[in-house]
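Please examine the sequence and the structure shown below. The explanation that follows is meant to be read alongside them.

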Amino acid sequence: MIYARYSSDNQRVASIDDQVELCRRRANQEGWSVTEIYADQAISGGSTHGRPAYAALLRDAERKVFDVVLCESLDRLSRRLADTADLHDRLSFLGIRLYALNVGEVTPIHTAVMGMMAQHYVRDLADKTKRGQLGRALKGKIPGGKAYGYDVLPATTDGAGERAINAEEAEVIRRIFRSYAAGDSPRKIARDLNADGVPGPGGRPWSDTTIRGQAERGTGVLNNSLYVGRLEWNRCSYIKDPRTGRRVARPNPQDQWEVVKVPDLRIVDDRVWQQTRTRRSDLARTMGRDESGNALNVAHRRVFLLSGLLTCGMCGGGYTIVAQDRYGCATRRSKGTCSNSVTIKRQEIEERVLTALKNRLVTPELTETFISAFNDEVRRLQSRQSADSSAAQRALSNTRAKISQILTAIEDGFYDASMKTRIAELRKQEVDLEARVSSVSSTTVTPHPNLAKLYARKIADLTASLNDPAIKTEAGEVLRSLIDRIVLMPRADGPGLDVKLHGNLAQILALSDACAQIHEHPAAVAVGCQLSVVAGAGFEPATFRL
């Protein structure tokens, strides 16, 4: 197969075709037939995350779809040494050869040397890019993207980065600052702007986070110092997380900022700006901060069992805590653009989800599965116990034999001072092994006398168990791994919410429900199950109504 990639929108799309053509010619020379072509377009090689064609390559490699991977050069596969080495190791284990046009068959030496060079190139390019941004910032040019309230001017002979005030958007900026200084919250300001049909950045609706932002990073409308004619550059550094491939922002110390005055870009006067700063500082002191330095966590961000899983069926936004122990549509609350006003108590939605789980897990078939798995584990433990006991007995017999041999040698007249030390060591080993043999022999593993009732009781106590403070965080993570999302839709025929669960847990519920009905009525079909197959994609996430 052939893999090709180019990095950014600034490069030619034809680059993919060029790489593929060169690889095809090499394949023809070698007598290989090209079975698959994988291509990632406009995606950085700094990480393998977020590259669908690369991920497909790895999946097909496990299935042995091809015998050889061919690319123009190693940096097309990755510009990170660890990723290149990992790919080479995985392909070698699967018996798949890796070829690059510039070196031939790739060896561990190529992986180390060329992978290191590719990674150095990325670092060097980042340094040069930052140096160029610094030069533009010092000239009063904007080294980043376009902020709301400004238009981008064509690049001059002196370079890009020129901005001009957009009069219509500038008036919206002034309205936001005046409203906030007068006491309105970011949420109210966003709702009012959306109600008046004012488009936000990129034409999207306004949200409270767009206005509020994060003061430490200088994000959000209320924290953008450009609106008072001051360009602040290098407030944050961006570092890529090797586990996810995503960039993570880290605020820099203030002495590393580059601050340049740009009076031509001023939109807000100093008086209103200072009123805004004062109000934000007062609110920050009132709310306090947690260990991470985030003020919002103290007031709002409590982690519950279904946090992050609930979705509004009308707008697709999240269902979050909007009052004490009540979930509501976050989009309606922060933007006012959703008409879903129905809320639900946290305990009620948790109970509905977990009750569905409990009712469908307590079936004869699943109980039998639990008992079978329990007994298998008992047999495994018994087998391991027997093996441990035999090993301890053999070690004890061996130690006693060594002690006997040394004593026999002493009786025959062969004595050395080191023998005394050695006998002491062996005596200590003998005592330890005797204790180990006694411990293993006294421990017996036996099946529970009433496993069916034990299983039913564990399932019945599921709600209390999952909300136990000692394990709630871990339990929530396990539950989230089984659930994709839970969609809440206002009922058309009365008050309340219809709830539909999507994900692996839904498959468990649907399967157990189907098993129960088939057991009782073989011709029956499980009501509420929606499980479909898509050609080439496998099973979609299942859904289940609760």
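The paragraphs below go from the whole chain to a pair of helices, then to one helix, and finally to one residue.

The model is predicted. Its protein chain contains 18 helices and 20 strands. Of the 546 residues in the protein chain, 36% are buried. Among the contacts in the protein chain with a separation of 6 or more, 58% are between residues 24 or more positions apart.

The pair to consider is helix α2, residues 52-62, and helix α4, residues 81-93. The two helices pack at an angle of about 25°, and their axes lie 11 Å apart. Because angles under 35 degrees count as roughly parallel, α2 is described as roughly parallel to α4. The crossing of these two helices is left-handed. On the α2 side, the residues that meet α4 are Tyr54, Leu57, Leu58, Ala61 and Glu62. On the α4 side, Asp83, Leu87, Arg90 and Leu91 take part. By character, the residues of this contact comprise six nonpolar and three charged, with no polar residue. An α-helix has 3.6 residues a turn, so residues three or four places apart point the same way.

Helix α5 covers residues 108-138, and its length can be checked by a simple calculation. At 1.5 Å a residue, its 31 residues should span 45 Å. The C-alpha atoms at its ends are 45 Å apart, so the expected span and the distance in the model agree. Which residues of α5 are buried? They are Thr111, Gly115, Ala118 and Ala137. The buried residues of α5 pack against helices α3 (74-77) and α4, as well as strands β8 (230-233) and β11 (258-261). Helix α4 thus appears in two settings: it packs with α2, and it is among the partners of the buried residues of α5. After α5 comes glycine 140, which has a positive phi, near 85°.

The last stop is isoleucine 403, which is found in helix α13, residues 364-411. Is this residue buried or exposed? Isoleucine 403 has a relative accessible area of 3%. Because buried means under 20% relative accessible area, isoleucine 403 counts as buried. Leaving aside residues up to four places away in sequence, isoleucine 403 touches Leu426, Arg427 and Glu430. Methionine 419 is 16 residues from isoleucine 403 in sequence. In space, the C-alpha atoms of isoleucine 403 and methionine 419 are 9.9 Å apart.

Definitions and conventions:
Residues numbered from 1 in each chain as written. Predicted model: local features only at pLDDT ≥ 70, side-chain atom pairs only at ≥ 80, totals over all residues. Heavy atoms only, no water. Axes fitted to C-alpha atoms, helices over the stretch in contact; angles between N-to-C directions. Helix = DSSP H or I, 4+ residues; strand = E, 2+ residues; numbered from the N terminus. Parallel < 35°, antiparallel > 145°, perpendicular 65-115°, else oblique. Left-handed = near helix turned anticlockwise from the far one by under 90°. Contact = heavy atoms within 4.5 Å. Nonpolar A, V, L, I, M, F, W, Y, C, P; charged D, E, K, R; others polar. Expected span 1.5 Å × (residues − 1). Buried < 20%, exposed > 50% of the residue type's maximum accessible area, 1.4 Å probe, protein only.
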